[in-house]
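Student: I have a structure open in front of me, and I would like to learn how the words used to describe it are justified. Could we go through some of them together?

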Amino acid sequence: MKLHPKKSLGQNFLTDPNTACKIVRALDPQPGDSIIEIGAGTGVLTRHLLACDAEIIAVEIDERATAILDEIALDAPNLRVLQQDILDVDFRALGIRATPCRIIGNLPYYLTSQILFHLFDQAEVIKDAVLMMQKEVAERLTAHPRTKQYGILSVMAQLYSDVTMSFTVPPTVFTPKPRVMSAVLHLAFHTSRVARIRNMDVFRRIVRGTFGKRRKTMLNCLKHIEMADHLPDTLTPYLGCRPEELTVDDFIFLANEIVTHD
Ligand code: SAM
């Protein structure tokens, strides 16, 4: 079913069934799964998901699109349609059947970072996610230290999950065609790293604050965010480095040492 796309809602609809099928296959849905679809649009991915006997919760902000999804739901008892801003959806309050749940979405690109942080904030109820986003943003999520792309998004994504690039997608499979290349990522959420963090607020303040000044040394960055008082000797090897040289584990160590010696 057709819908006149609204640019303000990031509506680049997928028109190629093969790509839709490939994205759903990257999630590998199983009977009994609970799957939340972000930005379901006119249901291109939803229809493929319905074939696998899982519980599907399709979240979509545009009521023109939810009207179409509601029609699909008439013949699909395992589909629930929520007309809501995804950033207002608390996954823990949805009463989903199987937790942790699984996430899929061809994201509205204007909201990619905010959606990612919304997922990180609810990481404990998420098993994994397959997300299509701008290729340039996908490369930031998978970036290694000492590269131009490595930054806040890389550290946060790799803190909460193991991230892998599944495949890239050209503009030609969308209507209208986006100006950028897209990529599909798989994020396998886990708690092994997060569980080691003593104070998440301090950790996030350090990561945000230091990458905000990525050309400076860690010592100057920490001074800038007023976290350089009483630095323990254990941190000396890090203080001459730039933030982009530190791994996620280095940031965890650094934040924990600062909390301990505060
Ligand atoms: N899944 C469909 C597809 O692949 O063709 C649509 C993908 S389109 C790139 C992004 C979708 O996200 C649009 O349908 C748009 O209306 C929806 N959207 C935009 N902002 C949203 C928000 N804050 N919460 C939920 N959905 C949103």
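Tutor: We will take several descriptive terms in turn and set each one against its definition, bearing in mind that this is a predicted model.

Student: How do you know that strand β3 and strand β4 pair?

Tutor: Two strands count as paired if there are at least two bridges between them, and β3 (residues 55-60) and β4 (residues 79-83) share 5 bridges in the parallel sense, so the term applies. Within this pairing, valine 59 stands opposite leucine 82 of β4.

Student: What makes β3, helix α3 and β4 a unit, and of which hand is it?

Tutor: Helix α3 covers residues 63-74, and together with β3 and β4 it makes a β-α-β unit that is right-handed. The name right-handed is used because, with the strands pointing away from the viewer, the path from the first strand over the helix to the second runs clockwise.

Student: Why is helix α6 called mostly covered?

Tutor: A residue is called buried when its relative accessible area is under 20%, and in α6 (residues 152-160) 8 of the 9 residues are buried, so the description follows from the cut-off. Among the buried residues are Leu153, Val155, Met156 and Tyr160.

Student: What do the buried residues of α6 pack against?

Tutor: They pack against several elements, including α4 (112-120), α5 (135-141), β7 (161-169), α7 (200-211) and α10 (248-260).

Student: Which residues have the most contacts inside the largest nonpolar core?

Tutor: They are Phe91, Ile103, Leu141, Phe203 and Ile206, in a core of 63 residues. This core draws at least three residues from each of domain 1 (7-194) and domain 2 (197-260). Leaving aside residues up to four places away in sequence, phenylalanine 91 touches, among others, Ile36, Ile86, Ile96, Ile103 and Leu119. Another core, of 28 residues, lies apart from the largest one, and Leu14, Val81, Phe167 and Val184 are among its members.

Student: How do you know that domain 1 and domain 2 are in contact?

Tutor: Contact requires heavy atoms within 4.5 Å, and 17 residues of domain 1 are in contact with 17 residues of domain 2. The C-alpha centres of the two domains lie 32 Å apart, and the area buried between them is about 1400 Å², of which carbon and sulfur atoms give 61%. Of the area that domain 1 buries against domain 2, Tyr150, Ile152 and Arg193 supply 34%, more than any other three residues.

Student: What makes the peptide bond between threonine 99 and proline 100 worth pointing out?

Tutor: That bond is cis, with omega about -5 degrees, and proline 100 has its place in the loop between β4 and β5 (101-106). Another cis bond joins threonine 175 and proline 176, with omega about -15 degrees. Most peptide bonds are trans.

Student: Why are aspartate 53 and arginine 146 called exposed?

Tutor: Exposed means over 50% relative accessible area; aspartate 53 has 55%, so it is exposed, and arginine 146 has 60%, so the term fits there too. Aspartate 53 lies in the loop between α2 (44-50) and β3, while arginine 146 is found in the loop between α5 and α6. Although aspartate 53 is not a glycine, its phi is positive, about 55 degrees, and arginine 146, likewise a residue other than glycine, has a positive phi near 70 degrees. Most residues other than glycine have a negative phi.

Key: Residues are numbered from 1 along each chain as its sequence is written. This is a predicted model: local features need pLDDT of at least 70, side-chain atom pairs count only at pLDDT 80 or more; totals for chains, interfaces and linings use all residues. Side-chain values use heavy atoms; hydrogens and water are left out. Helices (H or I, at least four residues) and strands (E, at least two) are DSSP runs, numbered from the N terminus. A nonpolar core is a set of buried Ala, Val, Leu, Ile, Met, Phe, Trp, Tyr and Cys residues joined through side-chain atoms within 4.5 Å. Buried means under 20% relative accessible area, exposed over 50%, partly exposed in between (1.4 Å probe, protein chains only). Domain bounds come from an automatic or database domain assignment. Buried area is the accessible area (1.4 Å probe) that two parts lose on being put together, summed over both.
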